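Open the model in your viewer and keep the selection tool ready. We will go stop by stop.

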Amino acid sequence: MRHVIGMAAMALALGACSGERGEEKRASADANASGFVPPSVTSRLDYGSAMDRRFRALDRDADDFISRAELPRRNPRRLLALDRNGDGKISAIEFSEGMLARFDRMDLNHDGTVTSEERRSAGAQ
Ligand SMILES: [Ca+2]
Ligand SMILES: [Ca+2]
């Protein structure tokens, strides 16, 4: 599980140098007051850790694979497409690399974040 630990360390390192949270909160409070829904921005890192949690949630027997029985009922083929070695189950590495590749495809201007705008146009394709 070196891959996942590496990602967590990266998250910590990047978390340490982002000091604009307060600013963001104020801005979104203003936005809520005016009934405006701000466009969302997902960083590659947030996406990676959200996908890691998703993998843990799906891998019910915690064997580091999502087996056929553990596939979500909704859209199981979307996940099965990540099974690169064709053994019928999705390993943690297959899952995280596959999901990040999806993220990179959505990230149209390759700035490491996916905006709700980019997500929409990816969904439209
Ligand atoms: Ca499993
Ligand atoms: Ca596999």
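Start with the aromatic rings: this predicted model holds two aromatic pairs. Select Tyr47 and Phe103 for one of them. Their ring centres lie 4.9 Å apart. The planes meet at 40 degrees, so the pair counts as tilted, a class that runs between the cut-offs of 30 and 60 degrees. Now colour the helices. Tyr47 sits in helix 3 (residues 44–58) and Phe103 in helix 5, so this pair ties together parts that are 56 residues apart in sequence. Are these two residues buried or exposed? Both Tyr47 and Phe103 are buried.

Next, select Phe55 and Phe95. They form an aromatic pair that is tilted too, with 5.2 Å from centre to centre and 55 degrees between the planes. Phe55 belongs to helix 3 and Phe95 to helix 5, so the pair links parts that are 40 residues apart in sequence. Phe55 is buried, and Phe95 is buried as well.

**Helix 3**

Select helix 3 by itself. Count 15 residues. From first C-alpha to last, helix 3 reaches 21 Å, close to the 21 Å expected at 1.5 Å a residue. Which of its residues are buried? Pick Tyr47, Gly48, Met51, Phe55 and Leu58. These buried residues cover an arc of only 100 degrees around the axis, which means they lie on the same side of helix 3. Turn to the other side of helix 3: Arg53 and Ala57 are exposed there.

**Helix 5**

Move to helix 5 (residues 92–106). Helix 5 has 15 residues and spans 21 Å between its first and last C-alpha, close to the expected 21 Å. Highlight its buried residues: Ala92, Glu94, Phe95, Ser96, Gly98, Met99, Leu100, Arg102, Phe103 and Met106. You have met Phe95 and Phe103 in the ring pairs. Glu94 leads to the next stop.

**The calcium ion (ligand 2)**

Select the calcium ion (ligand 2). Which protein atoms are its donors? Show Asp83 (OD), Asn85 (OD1), Asp87 (OD), Lys89 (O), and Glu94, which gives two OE atoms. These donors lie 2.3 to 2.6 Å from the ion. Along the sequence, the donor residues are spaced D-x1-N-x1-D-x1-K-x4-E. Check the angles among the six donor atoms: they run from 53 to 157 degrees, and the site is irregular. For six octahedral donors, the ideal angles are 90 or 180 degrees. Now compare two donor residues. Asp87 has 38% relative accessibility, so Asp87 counts as partly exposed. Glu94 has 7%, so Glu94 counts as buried.

**The calcium ion (ligand 1)**

Jump to the calcium ion (ligand 1). Its protein donors are Asp59 (OD), Asp61 (OD), Asp63 (OD), Phe65 (O), and two OE atoms of Glu70. They lie 2.1 to 2.7 Å from the ion. The spacing along the chain is D-x1-D-x1-D-x1-F-x4-E. Angles among the six donor atoms range from 51 to 161 degrees, and this site is irregular. Glu70 counts as buried because its relative accessibility is 5%. Phe65 is at 26%, so Phe65 counts as partly exposed.

**Last stop: a charge over a ring**

Keep Phe65 selected and add Lys89. What sits over the ring of Phe65? The charged end of Lys89 does, 4.3 Å from the ring centre. Both residues are familiar. Phe65 gives its O atom to the calcium ion (ligand 1), and Lys89 gives its O atom to the calcium ion (ligand 2).

Terms used: Residues numbered from 1 in each chain as written. Chains lettered and ligands numbered in written order. Predicted model: local features only at pLDDT ≥ 70, side-chain atom pairs only at ≥ 80, totals over all residues. Heavy atoms only, no water. Donors = N, O, S within 2.8 Å, 3.2 Å for Na, K, Ca; no water. Tetrahedral: all angles 85-135°; square planar, octahedral: opposite > 155°, others 65-115°. Buried < 20%, exposed > 50% of the residue type's maximum accessible area, 1.4 Å probe, protein only. Helix = DSSP H or I, 4+ residues; strand = E, 2+ residues; numbered from the N terminus. Expected span 1.5 Å × (residues − 1). Phe/Tyr/Trp six-rings, centres within 6.5 Å; stacked < 30°, edge-to-face > 60°. Lys NZ or Arg CZ within 6 Å of the ring centre and 35° of its normal. Arc of directions from axis to C-beta.
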